[in-house]
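User: I have a chain open on my screen and would like to go through it. Can you take me through the main parts?

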Amino acid sequence: MAYRLGVDVGGTNTDAAILDDDLNVVYTVKSHTTEDVQGGIFNAITKVLDESKVDKSKIKYAMLGTTKSTNAIVERKGLDKVAYLRIAKPASVGVPPYMEWPKGLKDAIDLKSAIISGGYEYDGRKIADLNRQEVDGFCNEIKGKCKSIAIAGTFSPVNNDQKKKLLNGSKKI
């Protein structure tokens with residue numbers, strides 16, 4: 001028997017449910033949503049596993065749903081400062097970051113962004129090499145001004161080598 005675990009994070013409660021192979025509900029729990037969200041998810045999963053006595057090694061699928069992030073964006077509240085680095089130069093400099101974002105959302109997040117050399121063609125061929133100086137310059141510009149950095153690369157689902165180099169902190173860029 002295989003199981004599915006579902007977690008839904010709401011503003012007040014985080015619900016967790018375990019379903020069997022036939023999608024019948026085996027067990028559900030309700031737990032308080034915590035300020036850090038992750039804590040509430042952990043609490044709900046721990047509670048549903050402990051109380052249901054389902055062997056966690058038998059869970060083959062896990063799903064997570066939440067309105068917390070959607071509400072934060074819509075209400076423009078509780079949003080972290082996140083910088084955005086796009087690996088795409090020279091191919092996509094004509095499309096600036098956040099071009100289609102509403103002004104109020106851009107202002108609420110106060111994002112720092114840059115487009116740096118690199119990226120790939122649709123078939124995985126390299127557009128350009130990553131440039132360590134561009135990366136270091138951007139990092140120096142945002143140091144202490146944000147909590148996270150979102151990194152996107154042109155056709156990175158086809159070839160994500162450059163993103164991996166950035167994420168692994170490679171000095172061989």
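Analyst: Sheets come next, then cores, then single residues and salt bridges. This is a predicted model, in which local features need pLDDT of at least 70, side-chain atom pairs count only at pLDDT 80 or more, and totals for chains, interfaces and linings use all residues. Residues are numbered from 1 along each chain as its sequence is written, and side-chain values use heavy atoms, with hydrogens and water left out.

User: OK, in what order do the four strands of the open sheet come?

Analyst: The order is β3-β2-β1-β4, with mixed pairing. Strands (E, at least two residues) and helices (H or I, at least four residues) are DSSP runs numbered from the N terminus, and two strands pair if DSSP finds at least two bridges between them. At the edges are β3 (25-32) and β4 (59-66), each of which pairs on one side only.

User: How do β2 and β3 pair?

Analyst: In the antiparallel sense, over seven bridges; β2 covers residues 13-19. Within this pairing, T14 is opposite S31 of β3.

User: Which helix packs on that sheet?

Analyst: Helix α1 (residues 38-52), which touches β1 (3-9), β2, β3 and β4. Contact here means heavy atoms within 4.5 Å. The direction of α1 makes about 140° with that of β3; axes are lines fitted to C-alpha atoms, for helices over the stretch in contact, and angles run from 0 to 180 degrees between N-to-C directions.

User: What about the inside? How many residues does the largest nonpolar core have?

Analyst: It has 13 residues, and L5, V7, A16, I18, V48 and I59 have the most contacts inside it. A nonpolar core is a set of buried Ala, Val, Leu, Ile, Met, Phe, Trp, Tyr and Cys residues joined through side-chain atoms within 4.5 Å. Buried means under 20% relative accessible area, exposed over 50%, and partly exposed in between (1.4 Å probe, protein chains only). β1, β2 and α1 each supply at least two residues of this core. Another core, of 10 residues, lies apart from it, and includes A114, I116, F138 and I142.

User: New topic. What order does the three-strand sheet have?

Analyst: β6-β5-β7, an open sheet with parallel pairing. β6 (113-117) and β7 (148-153) are at its edges with a single partner strand each, so one side of each has no neighbour in the sheet. Between β5 (residues 82-89) and β7 there are six bridges, and V82 has S148 as its bridge partner in β7.

User: Back to T33. Is T33 buried or exposed?

Analyst: T33 counts as buried, because its relative accessibility is 15%. Its place is the loop between β3 and α1. The side chains of T33 and T14 share a polar contact of 2.9 Å. A polar contact is a pair of N or O atoms within 3.5 Å; within protein, one must be able to donate a hydrogen and the other to accept it, and residues adjacent in sequence count only if both atoms are side-chain atoms.

User: And how many salt bridges does the structure hold?

Analyst: Five. A salt bridge is a side-chain nitrogen of Lys or Arg within 4 Å of a carboxyl oxygen of Asp or Glu. One of them joins the side chains of D15 and K30 (2.9 Å, N to O). D15 is in strand β2 and K30 in strand β3, so this pair ties together parts 15 residues apart in sequence.

User: Which residue forms a salt bridge with D136?

Analyst: R132, with the closest N and O atoms 3.1 Å apart. Both lie in helix α4, four residues apart, about one turn of the helix. D136 counts as partly exposed at 32% relative accessibility.
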